[in-house]
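Student: I'd like a close look at a single part of this protein rather than a quick tour of everything. Could you pick one sheet, start from a single pairing in it, and work outwards from there?

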Amino acid sequence: MIITIGKAKENDFVVNDPHVSRHHASLIRDEHGVWFIEDKGSTNGTFVNESQVVKKRITPNDKIRLGDKYLLDFQEVIKSNNDYSEEFARLKTVYDNYIQSKIKIQSSNQFKIRLFQSLPFAIPGIIGVIIGFLGKGSSNLFLLSLLIVVCAPTIGIYLGAKQSAKIPQLLQDITNQFKIDYVCPKCGTFLGEIPWESLKNRKHCPVSSCQAKWIRE
């Protein structure tokens, strides 16, 4: 990718400064994603961290000056080319975390629901064994066993239902956050629950007024 910079209107990034040449410099990204700035024979020179350069590798943290005074905003130049590939790449983590959180909530709650609903049904059997050891003729133990037989499953079903009721709210909470985070980095349009890899194949935002580039070509 090459982004031309200068006063002339045909440049990719137009700079209105009297000390900047018509075709002053170019930002160049190589096949490894490394950025360089190259002076195009300008009158007043191109400077990186106050050192004049002809061509030099740069990072977003470098101070770039064109001519005597104009400070070039590296990120602004990139965005002028509608390149939002770095921001889009970070959405992969957003999508992956969302899916993992959904799976974790669903699997965890299913386990708790089954535990609450099945364990109480096993308790009466355990009580029956205890009664067998302590004496079959004990009326108190019989009443205790009967109480547990009736109450334990009811409590288990109640706790299971209560746990089940938590799932929609937990899922809604992470979905709400997902809708905030999983958006086009330029226009902020929610991208739905479309897998990141599928969006990657589209290469750019489908919103006609945006068309942000998601993938560098």
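**The sheet around strand E1**

Tutor: Let's begin with one pairing: Gly-6 has Val-14, in E2, as its bridge partner. Please keep in mind as we go that this is a predicted model. A second pairing with E2 is that of Ile-5, whose bridge partner there is Phe-13. Strand E1 covers residues 2–6, and 2 bridges join E1 to E2, with the two strands running parallel.

Now turn to E3, another partner of E1. Strand E3 spans residues 25–29, and 4 bridges join it to E1, this time in an antiparallel arrangement. Within E3, Leu-27 is the residue that stands opposite Ile-3.

Step back and you can see where these pairings fit. The open sheet has 5 strands, and its order is E2-E1-E3-E4-E7. Its pairing is mixed. Strand E2 (13–14) and strand E7 (55–58) are at the edges; each has a single partner strand, so one side of each has no neighbour in the sheet.

Two residues we have already met return in the packing. Ile-5 and Leu-27 are among the residues with the most contacts inside the largest nonpolar core, alongside Ile-37, Ile-58 and Leu-72. That core holds 18 residues. Elements that each give it two or more residues are E1, E3, strand E4 (35–39), strand E8 (64–66) and H1. The most comes from H1, which gives 3 residues. Leu-27 shows the packing well: leaving aside residues up to four places away in sequence, it touches Met-1, Ile-2, Ile-3 and Ile-5, as well as Trp-35, Phe-36, Ile-37, Ile-58, Phe-74 and Val-77. Apart from this core lies another, of 15 residues, including Tyr-182, Cys-184, Ala-212 and Trp-214.

Helix H1 also takes us to a cavity. Searching the whole structure for cavities of 30 Å³ or more gives 1, and the volume of the largest cavity is about 40 Å³. Its lining consists of Gln-75, Ile-78, Lys-79, Asp-83, Tyr-84, Ser-85, Glu-86, Glu-87 and Arg-216. Helix H1 (74–80) and helix H2 (85–134) are the elements that give two or more residues to this lining. Sorted by class, the lining of the largest cavity has 5 charged, 2 polar and 2 nonpolar residues.

Where does the sheet sit in the whole chain? The protein has 9 strands and 4 helices, and read along the sequence its pattern is β-β-β-β-β-β-β-β-β-α-α-α-α. Of its 217 residues, 34% count as buried. Among contacts with a separation of 6 or more, 44% are between residues 24 or more positions apart.

Two backbone details are worth a look while you have the structure open. Asn-49 is not a glycine, yet it has a positive phi of about 55 degrees. This residue is in the loop between strand E5 (46–48) and strand E6 (51–53). Asn-49 counts as partly exposed because its relative accessibility is 40%, between the 20% and 50% cut-offs. Gln-211 is also not a glycine and has a positive phi of about 55 degrees. Gln-211 lies in the segment after helix H4 (196–202) and is partly exposed, at 32% relative accessible area.

How values were computed
Residues numbered from 1 in each chain as written. Predicted model: local features only at pLDDT ≥ 70, side-chain atom pairs only at ≥ 80, totals over all residues. Heavy atoms only, no water. Pairing = 2+ DSSP bridges. 1 Å grid on protein atoms, 1.4 Å probe; cavity = no way out; pocket = protein on both sides within 12 Å on 5 of 7 lines; lining within 4 Å. Points joined across faces, edges and corners; volume = space filled by probe spheres on them. Nonpolar A, V, L, I, M, F, W, Y, C, P; charged D, E, K, R; others polar. Core = buried A, V, L, I, M, F, W, Y, C linked by side-chain atoms within 4.5 Å. Buried < 20%, exposed > 50% of the residue type's maximum accessible area, 1.4 Å probe, protein only. Contact = heavy atoms within 4.5 Å.
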